[in-house]
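Q: Before us is a structure to be read one feature at a time. Please show me how to begin.

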Amino acid sequence: MEKFGEVLRRHRERRGLTQDGAANLVGVSRATFTQWEGNKHLPSMGRGHDLDRALGASGTIIDALEEARAHSPRSRQVPTPHGPPTGPTLATVLRDARRALL
């Protein structure tokens, strides 16, 4: 399976763009784009869609990004040694705050 950065590089080169040129198309710095191509970081899904459109990738970049996110260690939940959190949920806190303000 091709890594996300390799897919991104292939589409960028196919369009004849430098990293700086491709970065400008999607509104990020060249350094950020370099990190994406080097598989150091992954773009957000919104930026992934921007990249896919700008590079004419027909969904290939989105597919590669989804695959990379599915296999990213950051996307996996790590169980805590103390079990699930206790106390009110955020939704409960917000609902109670809304009631208090009304």
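Q: Is glutamate 2 buried, partly exposed or exposed?
A: The model is a predicted one. Residues under 20% relative accessible area are called buried, those over 50% exposed, and those in between partly exposed. Glutamate 2 has a relative accessibility of 37%, so the residue counts as partly exposed.

Q: With which residue does glutamate 2 form a salt bridge?
A: Side chains of opposite charge can pair when their charged atoms come close. Here the partner of glutamate 2 is arginine 10, with 2.9 Å from N to O. Arginine 10 is partly exposed as well, at 38% relative accessible area.

Q: How many salt bridges does the whole structure hold?
A: The search finds seven. One of them joins glutamate 13 to arginine 12, whose closest N and O atoms are 3.9 Å apart. The two partners may be read against the cut-offs: glutamate 13 is partly exposed at 49%, whereas arginine 12 is buried at 9%.

Q: Where do arginine 53 and aspartate 50 lie with respect to one another?
A: An α-helix has 3.6 residues a turn, so residues three or four places apart point the same way. Arginine 53 and aspartate 50 are three residues apart in helix α4, about one turn of the helix. Their side chains meet in a salt bridge of 2.8 Å, N to O. Arginine 53 is exposed, with 59% relative accessibility, and aspartate 50 is partly exposed, with 26%.

Q: Which residues are joined into one network by salt bridges that share partners?
A: The network consists of Arg9, Arg12, Glu13 and Glu37.

Q: How should the secondary structure be summarised?
A: One counts the elements and then reads their order along the chain. The protein has six helices and zero strands, and the pattern along the sequence is α-α-α-α-α-α.

Q: What share of the residues is buried?
A: Of the 102 residues in the protein, 26% are buried. The accessible surface comes to about 7200 Å², and carbon and sulfur atoms account for 54% of that area.

Q: Which residues have the most contacts inside the largest nonpolar core?
A: In soluble globular proteins, nonpolar side chains tend to be buried together. The largest nonpolar core in this model has 17 residues, and those with the most contacts inside it are Phe4, Leu8, Val26, Phe33, Trp36, Leu51 and Ile61. The elements that each give two or more residues to this core are α1 (4-14), α2 (19-26), α3 (30-37), α4 (45-54) and α5 (60-70). Helix α5 gives the most, with four residues.

Q: How may one follow a single core residue through its contacts?
A: One leaves aside the residues up to four places away in sequence and lists what remains. Tryptophan 36, found in helix α3, is buried at 5% relative accessibility. Read in this way, tryptophan 36 touches Phe4, Gly5, Leu8, Val26, Val28, His41, Leu42, Pro43, Arg47 and Leu51. Phenylalanine 4 is 32 residues from tryptophan 36 along the chain, yet their C-alpha atoms are separated by 7.8 Å. The same reading for isoleucine 61 gives Phe4, Val7, Leu8, His11, Gly48, Leu51, Asp52 and Leu55.

Q: What share of the contacts joins residues at least 24 apart?
A: Among contacts between residues at least 6 apart in sequence, the share is 53%.

Q: Which residues of α2 are buried, and where do they fall when seen down the axis of the helix?
A: The buried residues of α2 are Ala22, Ala23 and Val26. Seen down the axis, they fall within an arc of 100 degrees, so they line one face of the helix. These buried residues pack against α1, α3 and α4. Just after α2 comes glycine 27, which takes a positive phi of about 75 degrees.

Q: What covers the buried residues of α4?
A: The buried residues of α4 are Gly48, Leu51, Asp52 and Ala54. Their cover includes α1, α2, α3 and α5. Glycine 56 follows α4, and its phi is positive, near 60 degrees.

Technical notes: Residues numbered from 1 in each chain as written. Predicted model: local features only at pLDDT ≥ 70, side-chain atom pairs only at ≥ 80, totals over all residues. Heavy atoms only, no water. Buried < 20%, exposed > 50% of the residue type's maximum accessible area, 1.4 Å probe, protein only. Contact = heavy atoms within 4.5 Å. Areas by Shrake-Rupley, 256 points an atom, 1.4 Å probe, with all protein chains shown as cover. Core = buried A, V, L, I, M, F, W, Y, C linked by side-chain atoms within 4.5 Å. Salt bridge = Lys/Arg side-chain N within 4 Å of Asp/Glu carboxyl O. Arc of directions from axis to C-beta.
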